[in-house]
Amino acid sequence: MKRSVFEYMEQYGHEQVVFCRDREAGLRAIIAIHDTTLGPATGGTRVWAYESEEEALIDALRLSHAMTYKYAAAGINLGGGKTTIIIQPGEKTSEALFRALGRFIDSLGGRYITGEDVGTTAGDLEYINMETDFVVGLPAESGGSGGPSPYTAIGVVEGMKACCQEVYGSESLRGKGVAVQGVGNVGRHLVKILVENGASVVVADIDEQRVKGVVDEFGVGRVGPDDFYGVECDIFSPCALGAVLNDETIPRLRCKVVAGSANNQLAEAQHGDMLHERGILYAPDFIINAGGTIADTDQLEGGFNAERAKKKVARVYDNIAKVIEISKRDGIPTSRAADRLAEERIERMSHLKRIRVKMPKKIARAADIFPRR
Ligand code: NAD
């Protein structure tokens, strides 16, 4: 290890890191609890053949830190958490492994709630759920949302509308040219809603079958994946992979707005500044793609309710509008305003804990002795 665990915790601002081991189940997991100011630390379980324990630790710290910001900016009362499970290359996971993790999560008494991430499936969540209730994103038949992608797409459309309001003075997508990169789980739903809203859509994907599927079904246009960045459009929508906004691609963009679902769209923080300087309105990824997360955690309100979840997801519009407002107020790019939105909310709510809502036990006993008449 280059640094100690506490040094890493200090760097990312973590409250707690839990190392879990179960030899028989082959479990080696790290649960990172970043910040519980707003509520229980929540975030998925990632299974990966990490090259070292340090790599798994840093991934858990980095991803849980990001979840704190995601929930805070989305207006959800949860903190950031994440679990990483270390496996060997090619190793298969098992029921015993996930149930062992479930027991460790249960032992935290609700300080941490898990969900799906890279390397875990809805079925794995059901194994975890056999041992603990602290799980979100379960399949519909087990009381969950049944998958985040449709909700993520709804949120992206709301974010696009907020951007159009700012740039064109109207939130309408009718007649707007939208270029969607990646028509997988989210992109496909997104194209459907955009077409329903009267947008003029072109798509690109390296998977020819997927392109053909949406072109045939929705009558949209297509471009080759390599020509995609130069397409003239109103909204450029990255819905495939990360780091697509970089030194090479930003000068090629011919759009007014960047608004898509992909995670970590900016190759580096400075690329948010570059977009700002070019006068392109960037809808920060972790704010605009929060719809699935918002829907997944709706389950915590006594069971998943699709109508309520959709209403909450529609608030992505307001969240993007708030980011734009902070960007203008402070004269900073939206990429930086997004962090500020999250930090300001945590700061504003942190003092609430000072207001005592339960009597300490001693005082409660005094109340028994001297009952009010
Ligand atoms: P997906 O794997 O179902 O779809 C991604 C699509 O992008 C695939 O069709 C793939 O062929 C295509 N693609 C890959 N490289 C490409 C390239 N160079 N050019 C064009 N297309 C390319 O993934 P998804 O679930 O739809 O998620 C899309 C993005 O949104 C990812 O970055 C994901 O992390 C992010 N995201 C997804 C959700 C969700 O609810 N699924 C939530 C938040 C963020």
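Strands here are DSSP runs of E at least two residues long, numbered from the N terminus, and two of them pair if DSSP finds at least two bridges between them. With that in hand, here's a quick tour of this predicted model. The chain splits into domain 1 (5-67 + 79-135) and domain 2 (149-346), and the two share an interface of about 490 Å² of buried area.

**The S1–S2 hairpin**

- Strand S1 (residues 16-22) and strand S2 (residues 27-35) run antiparallel to each other, held in register by seven bridges.
- One of the bridge pairs is Asp-22 with Leu-27, the latter sitting in S2.
- Four residues lie between the two strands of this hairpin, and Gly-26 has a positive phi there, near 70°.

**Salt bridges**

- Side chains of opposite charge can pair when their charged atoms come close.
- The count for this model comes to 25 salt bridges.
- Among them is Glu-53 with Arg-28, at 4.0 Å from N to O.
- That pair ties together distant parts of the chain: Glu-53 belongs to helix H2 (residues 53-74) and Arg-28 to strand S2, 25 residues apart.

**The six-stranded sheet**

- Further along there's an open sheet of six strands with parallel pairing, in the order S9-S8-S7-S10-S11-S12.
- Its edges are strand S9 (221-222) and strand S12 (281-282), each of which pairs on one side only.
- Inside the sheet, strand S10 (residues 235-238) teams up with strand S11 (residues 257-258) in the parallel sense, over two bridges.
- Look for Phe-236 here: Val-258 in S11 stands opposite it.

**Where the domains meet**

- Measure from C-alpha centre to C-alpha centre and domain 1 and domain 2 come out 28 Å apart.
- Six residues of domain 1 touch six residues of domain 2.
- Of the roughly stated total, about 490 Å², 69% is on carbon and sulfur atoms.
- On the domain 1 side, Leu-38, Ile-113 and Val-135 give up the most area to domain 2, and together they make up 57% of what that side buries.
- As for charge across the boundary, zero salt bridges turn up between domain 1 and domain 2.
- Polar contact does appear between the domains, in one residue pair with both members at pLDDT 80 or more.
- The residues of domain 1 that touch domain 2 break down as four nonpolar, two polar and no charged.

Notes:
Residues numbered from 1 in each chain as written. Heavy atoms only, no water. Domains from an automatic or database assignment. Contact = heavy atoms within 4.5 Å. Buried area = accessible area lost by both parts, 1.4 Å probe. Salt bridge = Lys/Arg side-chain N within 4 Å of Asp/Glu carboxyl O. Polar contact = N/O pair within 3.5 Å; in protein donor to acceptor, adjacent residues only side chain to side chain. Nonpolar A, V, L, I, M, F, W, Y, C, P; charged D, E, K, R; others polar.
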